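Please go through the model shown here by question and answer. The topics are its nonpolar cores, its backbone geometry and its ligand.

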Amino acid sequence: MRIDVITIFPDMFPGVLGASMLKRAQEAGLLQVQLHDLRDYSHDKHRKVDDRPYGGGPGMVMRVEPIAEALEAIRSTACAAHGEAAPGTCQRILMSPEGEPLSTLVAKQAAAVQHLTVVCGHYEGVDERVKAVVDRAISIGDYVLTGGELPAMVLIDAVARYIPGVIGHEDATKEESFADGQLEYPQYTRPPVFRGLAVPDVLLSGDHERVAAWRREQSMDRTRTHRPDLLRERNGQ
Ligand code: 4HQ
């Protein structure tokens with residue numbers, strides 16, 4: 001899978017992309033991430049990509065032309081290379097608090113697309129017409145960040161886990177929180193007692209059926225207590 005990222009802060013990405021699973025996925029050729037500095041698409045001699053809002057008010061707004069031109073440049077190189085004529089092979093995503101909430105379902109669907117291009121907004125926002133040049137907007141949650149870079153990295157991480165082969169242990173994505181619309185059961189490893197806190201006996205019993213039953217019950221109890229909303233509507237399946 002290929003992911004292109006359009007940002008005014010490409011330096012924010014290498015730390016996240018250069019470690020752990022995302023690094024391994026790229027080394028294994030399962031994921032290719034290409035960063036694009038939006039300022040390269042500014043026609044301004046000061047490489048400006050923002051301007052004052054029409055109608056007045058505080059702050060600056062990201063201009064639509066550099067974003068549209070960056071998307072077009074990516075389309076004519078990367079997309080042409082893998083025959084973008086086929087629908088659903090390339091998807092342009094704007095990170096925005098107004099977007100569709102990121103969920104397991106959204107991440108799985110995005111992982112099934114060959115090529116994503118992610119646009120990171122900055123300043124007080126982006127010109128409304130950017131929405132006309134992307135396919136969808138995605139939000140990582142109901143809070144406002146200083147830019148779309150962290151949301152883009154969250155999206156890349158969430159999507160990468162569903163690229164076949166990225167997670168060595170395939171069962172991990174089936175057992176995890178939300179996979180079944182419920183929270184995960186509690187996990188323990190050595191020591192059996194830490195400062196008076198003991199591992200539940202059932203996990204040391206060696207009885208696989210009792211262990212499985214206990215885990216199902218714990219999952220259900222935790223979900224009821226901490227996230228009853230997950231039981232009411234089956235998000236992210
Ligand atoms: N921002 N989920 C403001 C977000 C955000 C979010 C991205 C901050 C866009 C202009 N993006 N910029 N939450 O807070 O995706």
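The questions below take these topics in turn.

This is a predicted model, in which local features need pLDDT of at least 70 and side-chain atom pairs count only at pLDDT 80 or more, while totals for chains, interfaces and linings use all residues. Residues are numbered from 1 along each chain as its sequence is written, and side-chain values use heavy atoms, with hydrogens and water left out.

Q: Which element supplies the largest share of the largest nonpolar core?
A: A nonpolar core is a set of buried Ala, Val, Leu, Ile, Met, Phe, Trp, Tyr and Cys residues joined through side-chain atoms within 4.5 Å; buried means under 20% relative accessible area, exposed over 50%, and partly exposed in between (1.4 Å probe, protein chains only). The largest core has 29 residues, and I3, L31 and L116 touch the most other members. Elements that each supply at least two residues include β1 (2–7), β5 (90–101) and α5 (149–160); helices (H or I, at least four residues) and strands (E, at least two) are DSSP runs numbered from the N terminus. The largest share, six residues, comes from α5.

Q: How many residues are in the second, separate core?
A: Members of this core include L38, L71, V119 and V130. The second core is separate, and its size is 15 residues.

Q: Where is the cis peptide bond?
A: Most peptide bonds are trans. P191 is found in the loop between α6 (172–175) and β8 (193–194). With omega about 5°, the cis bond joins R190 and P191.

Q: Is R195 buried or exposed?
A: R195 has a phi near 45°, a positive value in a residue other than glycine. Its place is in the loop between β8 and β9 (197–198). At 76% relative accessibility, R195 counts as exposed.

Q: What is the relative accessible area of R47?
A: R47 also has a positive phi, near 60°, and lies in the loop between β2 (32–37) and β3 (50–51). R47 is partly exposed, at 35%.

Q: How much of the ligand's area does the protein bury?
A: A backbone N or O atom of L145 lies 2.9 Å from an oxygen atom of the ligand, and one of G141 lies 3.2 Å from a ligand nitrogen atom. Taken alone, the ligand exposes 360 Å², by the Shrake-Rupley method with a 1.4 Å probe. The protein buries 95% of that.

Q: Which element gives the most residues to the shell around the ligand?
A: Elements that give two or more residues are β5 and β7 (136–139). With three residues, the element that gives the most is β5.

Key. A polar contact is a pair of N or O atoms within 3.5 Å; within protein, one must be able to donate a hydrogen and the other to accept it, and residues adjacent in sequence count only if both atoms are side-chain atoms.
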